[in-house]
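Work through the exercises below with the sequence and the 3D structure at hand. Try each task before reading its solution.

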Amino acid sequence: WRGAVASDSLNEMVRLPLAGLTVLDFSQFLAGPSAALRLADLGARVIKVERPDGGDASRSLYLADLPFDQDSALFHAINRGKQSLTADLKNADDLMRVKALIAQADVLIHNFRPGIMDRLGLGWDDVRAINTRLVYAGVSGYGPDGPWRDRPGQDLLVQSLSGIALLSGDGNGPPVPAGLSITDMMAGAQLVQGILALLVRRGVSGDGGRVDVSLIETAIDLQFEHLAVYLNRGGAMPARSAVGNANLYLAAPYGIYATADGHVALAMAPVDRLGALIGCPEMADFAADRWFAERDAIKAILRDHLKQRTSAHWLAILEPAGIWAAPVLDWPALTADPAFAALDAVQQVRSPDGATLRLTRCPIRVDGQILKNERAAPRLGADSDFIHRELAGAACSSSNFSKTMTLGRNARVSAAPSPRP
C-alpha cells in the first residue's frame, strides 16, 4: 500500500529520506500545505483530503490571474507532487473511508480552527485510538486558547498584530508588512520540524505524537533577536531609522541606498573606513560610539553621496575592499544572472494534458543532489478511485491474513495428539 506511487524519475538516483511514509493533508491555503509540500519533496506520499465542492480554497485563489490545468498556478506552486482524495467529512461513509486511511497513514496535517477536527470525529484522541503510530500535526492562527483564538488566521493580520509590520519602512513612514506571507511559510517550516522530530521519536519508542504550531507564535519567534532586547529593556517601541531603515537595532551604515541607476545594500561596516573608501570625508567626523545614536545623520550623508554614481561604480570599490555590499536586484536581473543559473533553482511541472509550468524547486539538497518533481498538483479528486481500490485491497489482504492465521491455528489444534483420558 505504501509503495503504490513510485518516486519521480528526476529523483530516482537519490534515496529520499521520507520514502515509504504516507501523509494525509487536510489543510488548505499556505501554512499546512507548504509543510506537506516539503514532506513530499523529501519523498513522502502526500494525499490531499479535500471537500468535493471545490476542494482546497487556493485552487481558486489566483495571483496575477495566472491559471494552470483547471486551477490557479498558486495552487500548483504549493501542492505539486501530491495526490487528491475527495471526502465529505460530514458524511458517515466518507468519514469511515477516511478513518481507514488514517489507520494506515504516518502523518496527518490540518489547519482547521480549534475544535473543528474534534467535532468531525477526527481530533487527536479520536485518531490516536485508530493509529497509535500517527503523527498528528495542526497549525492554527493563534493557538488553542486566549482571546485571539477565533480570529482569522491570515498572514497580513498576524504580521500586524505581532509587530512585524512596524519593523520595516522608514521611521517617518507608515507600517510596512513584508511582501511575502512570511508567517504562513515559517509556520509551515516549524510544523515540518515538529513532524520530523516526532517521527524520529517514533523510531525509538514506536509511538506517534501530536505537534501544534500557530502563526502568531511563529511570528513572535521570528522576532527573537529584537524581542530579546525589548523584553529586557522594556519601554516604548524602538524607533525605525528615518533613512534607509533595515534593522531597528543596528548602527549606520546598515541599510539600502539609492544610486544613480539603482540601489545598493550596505551591511555592517566601520563608518570611518567606508567614508575613506568612497571619498566622503564628512563620515570621519563620527566616532564609533556615535554610529548608532547618530545613525540617521550618518545615513543621510551616505544617501546624498551614493546617489551621485552608479551601483557598479560603488560595488567595484567596496567589494574588493571587503565591505559587505550587494546590488538590489529585481527578478529580471536575478534570473538573468549566471549565479541564478548555477543554482538550478527552477523546475518544470507537467499536467496530465502535457502543459508545463515553471516553478521553484525544493531548496534542500540530499546527498549532494538537487530534488525535483515534475508532477503538477492533482486535479480535484483525481486519485479518489485509485485510493479507494487500494483501501479495499488492503482490507481484503488483512481479512485473508486473519483467515489464514485462524485456519493455521485450527490445523495445529486438530493435528495435536488427543489428550489422554
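**Exercise 1. Place L157 and V158, and decide whether each is buried, partly exposed or exposed.**

Solution. The model is predicted.

Step 1. L157 belongs to helix α6, which covers residues 155–162. V158 is found in α6 as well.

Step 2. The relative accessible area of L157 is 38%. Buried means under 20% and exposed means over 50%, so L157, at 38%, is partly exposed.

Step 3. V158 has a relative accessible area of 0%, so V158 is buried.

Step 4. Look for what surrounds V158. Leaving aside neighbours within four places in sequence, V158 is in contact with Y142, T183, L215, I216 and A219.

Step 5. For a pair that is apart in both senses, take V158 and A333: 175 residues separate them in sequence, and their C-alpha atoms are 32 Å apart in space.

**Exercise 2. Which residues form a nonpolar surface patch with L157?**

Solution.

Step 1. The partners of L157 in the patch are W148 and L161.

Step 2. Together, the three residues of the patch have about 230 Å² of accessible area.

Step 3. Check W148 by its own value: a relative accessible area of 32% makes W148 partly exposed.

**Exercise 3. How many aromatic pairs does the structure hold, and what is the geometry of each?**

Solution.

Step 1. The count of aromatic pairs is two.

Step 2. One pair is W124 with Y136: the ring centres are 5.8 Å apart and the planes meet at 45°, a tilted arrangement.

Step 3. W124 sits in helix α5 (residues 124–130) and Y136 in strand β7 (residues 135–140), so this pair ties together parts that are 12 residues apart in sequence. W124 and Y136 are both buried.

Step 4. The other pair is Y142 with W148. Their ring centres lie 6.1 Å apart and their planes are at 80°; the pair is therefore edge-to-face.

Step 5. Compare the cover of the two rings' residues. Y142 is buried, at 7% relative accessible area, whereas W148 is partly exposed, at 32%.

**Exercise 4. Describe the cover and the pairing of strand β2.**

Solution.

Step 1. Strand β2 spans residues 45–50, and six of its six residues are buried.

Step 2. Sort the residues by side. R45, I47 and V49 are on one side, V46, K48 and E50 on the other, and both faces are covered.

Step 3. Strand β1 (residues 22–25) runs parallel to β2 and is joined to it by four bridges. Within this pairing, D25 stands opposite K48.

**Exercise 5. Which side chains of strand β10 are buried, and which strands pair with β10?**

Solution.

Step 1. In β10 (residues 263–266) the side chains alternate. V264 and L266 point to one face and are buried; H263 and A265 point to the other and are not.

Step 2. Strand β9 (residues 255–258) pairs with β10 in the antiparallel sense over four bridges. G255 stands opposite L266, and a hairpin of four residues joins β9 to β10.

Step 3. Strand β11 (residues 325–327) is also antiparallel to β10, with three bridges between them. Here A265 stands opposite A326.

**Exercise 6. Where does the backbone of F29, D344 and P253 lie, and what angles are found there?**

Solution.

Step 1. Recall the background: most residues other than glycine have a negative phi, and most peptide bonds are trans.

Step 2. F29 has a positive phi near 70°. F29 is in the loop between β1 and α1, and is partly exposed at 40% relative accessible area.

Step 3. D344 is not a glycine either, yet has a positive phi of about 50°. The loop between α14 and β12 holds D344, which is partly exposed at 33%.

Step 4. P253 is in the loop between α9 and β9. The peptide bond joining A252 and P253 is cis, with omega about 15°.

Step 5. Finish with helix α9 (residues 224–233), which is hardly covered: one of its 10 residues is buried. Just after α9 comes G234, with a positive phi of about 70°.

Technical notes
Residues numbered from 1 in each chain as written. Heavy atoms only, no water. Patch = residues over 30% accessible without salt bridge, like charges linked within 9 Å, V, L, I, M, F, W, Y side chains within 5 Å. Areas by Shrake-Rupley, 256 points an atom, 1.4 Å probe, with all protein chains shown as cover. Salt bridge = Lys/Arg side-chain N within 4 Å of Asp/Glu carboxyl O. Helix = DSSP H or I, 4+ residues; strand = E, 2+ residues; numbered from the N terminus. Buried < 20%, exposed > 50% of the residue type's maximum accessible area, 1.4 Å probe, protein only. Contact = heavy atoms within 4.5 Å. Phe/Tyr/Trp six-rings, centres within 6.5 Å; stacked < 30°, edge-to-face > 60°. Pairing = 2+ DSSP bridges.
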